[in-house]
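Please take a moment to look over the sequence and the model together before reading on. The paragraphs below begin with the chain as a whole and then turn to a few individual residues.

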Amino acid sequence: MDMDKSWFDEMEARIPHGEVRTRFAPSPTGYMHVGNLRTALYTYLIARHAGGKFILRIEDTDQGRLVADAVDVVYATMRRCGLDWDEGPDVGGPVGPYIQTERRDFYGRYARLLVEKGLAYYCFCGKAESAEDSGNFERVEDPCRALAPEEVRARLDAGEPYVIRQRIPEGSTTFHDAVYGDITVDNAELDDQILLKSDGLPTYNFANVVDDHLMGITHVVRGAEYLSSAPKYNLLYEAFGWEIPTYVHCASVMFNDPATGAVRKMSKRMGDPSYQDLVAQGYLSQAVVNYVALLGWAPHGALAEQEFFTMDQLIGAFEIEGISKSPSAFDMDKLNYFNAAYLRDLPPEEFAREAEPWIRRAVKNPAYDAAAIAALLQARCEKLSDIPEKVDFFDAPPEYGADLFTNKKSKTNPEVSLEMLKQAYPVLSQLGDWSQEGIHGALVGLAERLGVKNATLMWPLRIAAAGKAVTPGGAVEICRILGKEETLRRMELGMAKLQ
RNA sequence: GGCCCGGUGGUCAAGCGGCUAAGACACCGCCCUUUCACGGCGGUAACACGGGUUCGAUUCCCGUCCGGGUCACCA
């Protein structure tokens with residue numbers, strides 16, 4: 001007992017005070033929900049805005065759901081998103097360990113402490129049917145609540161499996177949330193919550209409170225799905241006599257299914273995109289972070305109209321008051337808009353580096369300059385996965401009909417187009433300077449001599465070169481990349497279609 | 001079903017008792033232009049409903065409706 005007391009004192013002594021400390025505490029599942037990413041971001045921003053500490057803690061108490069290497073996915077995601085942590089499993093810190101299974105004996109000690117105080121009790125009832133399965137939401141009092149101490153001792157000695165449950169007092173509980181304000185709940189709504197499971201590991205609710213306290217967490221940020229558990233957390237803090245942190249509950253991120261039009265909470269299980277899915281489709285992490293920051297939070301005052309933020313700007317602008325109470329729908333269109341803007345803002349070389357693998361999926365011919373193609377693409381794609389279908393014509397133009405040569409705005413039809421191609425062919429075949437400027441100058445000069453709009457000449461040429469009505473870049477850019485020989489060959493094919 | 005939380009255009013949202021109710025995405029026009037895109041200009045479109053409180057409600061209160069969450073030895 002004395003040893004125990006000094007152990008508890010030591011744990012208390014480690015707790016840092018006097019700084020804002022927040023934590024992101026994912027359970028490693030192998031991917032990151034968009035909603036979780038947003039929670040991580042807000043948690044990070046609150047700490048950084050206040051010049052405090054951001055802590056990473058891994059919650060792996062659900063042995064049934066463990067996924068190998070999933071912790072690495074957490075690390076990688078957070079690094080790519082710019083969420084650097086001050087304390088965590090890999091970097092250590094004053095209040096470790098930072099993985100819950102490595103803290104497993106802590107929870108038992110604290111649970112038994114509560115039993116000694118008479119605020120929790122051993123229960124030997126075995127697993128109960130869940131309310132969901134039974135369809136019965138009635139609350140029943142646990143008979144073990146009133147077990148005599150001698151009997152508890154005897155059953156414990158007999159090695160009977162048990163859980164430890166908190167004794168919820170009568171009355172009501174009021175807690176304060178920084179986003180939602182004061183909320184009062186009748187304790188009759190609350191179960192005698194299980195603190196320690198029969199496998200000896202803590203429940204999420206219990207581990208959270210113990211760890212948040214032991215790690216000196218000042219602001220507990222989490223999804224609004226935990227709002228109705230908050231009174232239970234308060235009751236635990238009160239039972240231990242611990243200071244209650246500031247709660248920051250964030251409304252859910254919904255997903256507007258484009259297929260069905262249904263709106264629902266975003267869920268990987270329903271096939272909604274995770275952060276990993278988005279990255280695989282060629283979304284930039286900064287774009288995702290920027291978009292997600294604004295999904296449920298808005299800056300105040302002079303910044304109210306700003307929508308593009310660097311991480312540093314977010315840190316400066318982020319205030320808890322700006323967090324929204326109502327759920328918000330993840331909108332692919334708007335993410336596309338942000339991503340397109342971020343892609344355009346990339347230095348051309350960097351964009352080319354990002355784009356090249358996607359270009360090479362469709363363009364196998366090494367003679368075609370990927371960097372030159374990338375330059376055409378930069379202002380024309382919302383995400384990198386848009387690229388292959390836009391550039392597939394370089395290797396070989398698709399089968400196309402003569403009708404493509406007709407375009408009202410360019411004043412072309414099959415006859416005009418044939419004439420234009422016939423005129424352009426000798427000019428291009430004699431052209432020595434096969435550069436953007438060279439080709440452009442030659443064609444513009446020709447159009448002028450013929451007395452036609454530039455478009456009247458360019459349209460048929462582009463159709464012949466690409467075989468598509470819509471292409472990244474115009475006739476000049478495409479011909480330049482194709483090279484003289486291939487351009488002329490495709491012009492011949494085009495003319496043949498028009499004969 | 002009980003309890004909790006929400007409700008400003010299709011979406012994200014500003015607003016925090018008095019405004020012609022911002023801005024962005026999407027959509028639609030026009031301009032620019034070698035197609036498309038980028039860029040520029042303009043347009044359509046909202047305070048869920050009913051009661052109060054108030055000189056005055058999108059803003060405060062109540063009810064209705066609608067939406068979400070939660071009632072596990074999951075987190």
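How much area does chain A expose, and what share of it do carbon and sulfur atoms supply? In this predicted model, the exposed area of chain A comes to about 23600 Å², and carbon and sulfur atoms supply 51% of that area. Among the 499 residues of chain A, 50% count as buried.

As to confidence, chain A has a mean pLDDT of 93, with 95% of its residues reaching 70 or more, while the predictor gives the complex an ipTM of 0.96 and a pTM of 0.95. A general caution still applies to any model of this kind, namely that predicted coordinates should not be read in detail where pLDDT is low.

The overall form of the chain can be described in several ways. Its secondary structure comes to 20 helices and 12 strands, and its C-alpha atoms, taken along the principal axes, fill a box of roughly 105 × 45 × 40 Å. Chain A has a radius of gyration of 32 Å, whereas a compact globule of 499 residues would have one near 23 Å. When contacts with a separation of 6 or more are considered, 73% of them in chain A are between residues 24 or more positions apart. The chain carries 53 positive and 73 negative charges, and the mean positions of these two sets are 6 Å apart.

Two residues in different settings can be followed next, beginning with Ser328, which is found in strand S12, made up of residues 328–330. Is Ser328 buried or exposed? Ser328 counts as buried because its relative accessible area is 16%, which is under the 20% cut-off. Leaving out residues up to four places away in sequence, Ser328 touches Arg38, Ser252, Val253, Met254, Leu295 and Gly296.

Ser252 also appears among the contacts of Glu225, which, apart from neighbours within four places in sequence, is in contact with Ser252 and Lys265. Glu225 is found in the loop between strand S8 (219–223) and helix H8 (230–240), and it is partly exposed, with a relative accessible area of 40%. From Glu225 to Gly474 the C-alpha atoms are 52 Å apart in space, and the two residues are 249 residues apart in sequence.

Towards the end of the chain, Lys497 lies in helix H20, which covers residues 484–498. Lys497 counts as partly exposed because its relative accessibility is 32%, and, not counting residues up to four places away in sequence, Lys497 touches Glu399, Tyr400 and Ala402. The C-alpha atom of Lys497 is separated by 75 Å from that of Pro245, a residue 252 residues apart from it along the chain.

Two details of the backbone remain, and they are best read against a general background: most residues other than glycine have a negative phi, and most peptide bonds are trans. Gly96 and Pro97 are joined by a cis peptide bond with an omega of about -5 degrees, and Pro97 is found in the loop between helix H3 (70–80) and helix H4 (104–116). Lys411, although it is not a glycine, has a positive phi of about 60 degrees. Lys411 is found in the loop between helix H15 (387–391) and helix H16 (414–429), and it counts as exposed because its relative accessible area is 59%, which is over the 50% cut-off.

Conventions
Residues numbered from 1 in each chain as written. Chains lettered and ligands numbered in written order. Predicted model: local features only at pLDDT ≥ 70, side-chain atom pairs only at ≥ 80, totals over all residues. Heavy atoms only, no water. Helix = DSSP H or I, 4+ residues; strand = E, 2+ residues; numbered from the N terminus. Buried < 20%, exposed > 50% of the residue type's maximum accessible area, 1.4 Å probe, protein only. Contact = heavy atoms within 4.5 Å. Rg over C-alpha atoms; globule rule 2.2 N^0.38 Å. Areas by Shrake-Rupley, 256 points an atom, 1.4 Å probe, with all protein chains shown as cover. Lys, Arg positive; Asp, Glu negative; His and termini not counted. Charge placed at Lys NZ, Arg CZ, Asp CG, Glu CD. pLDDT = per-residue confidence, 0-100.
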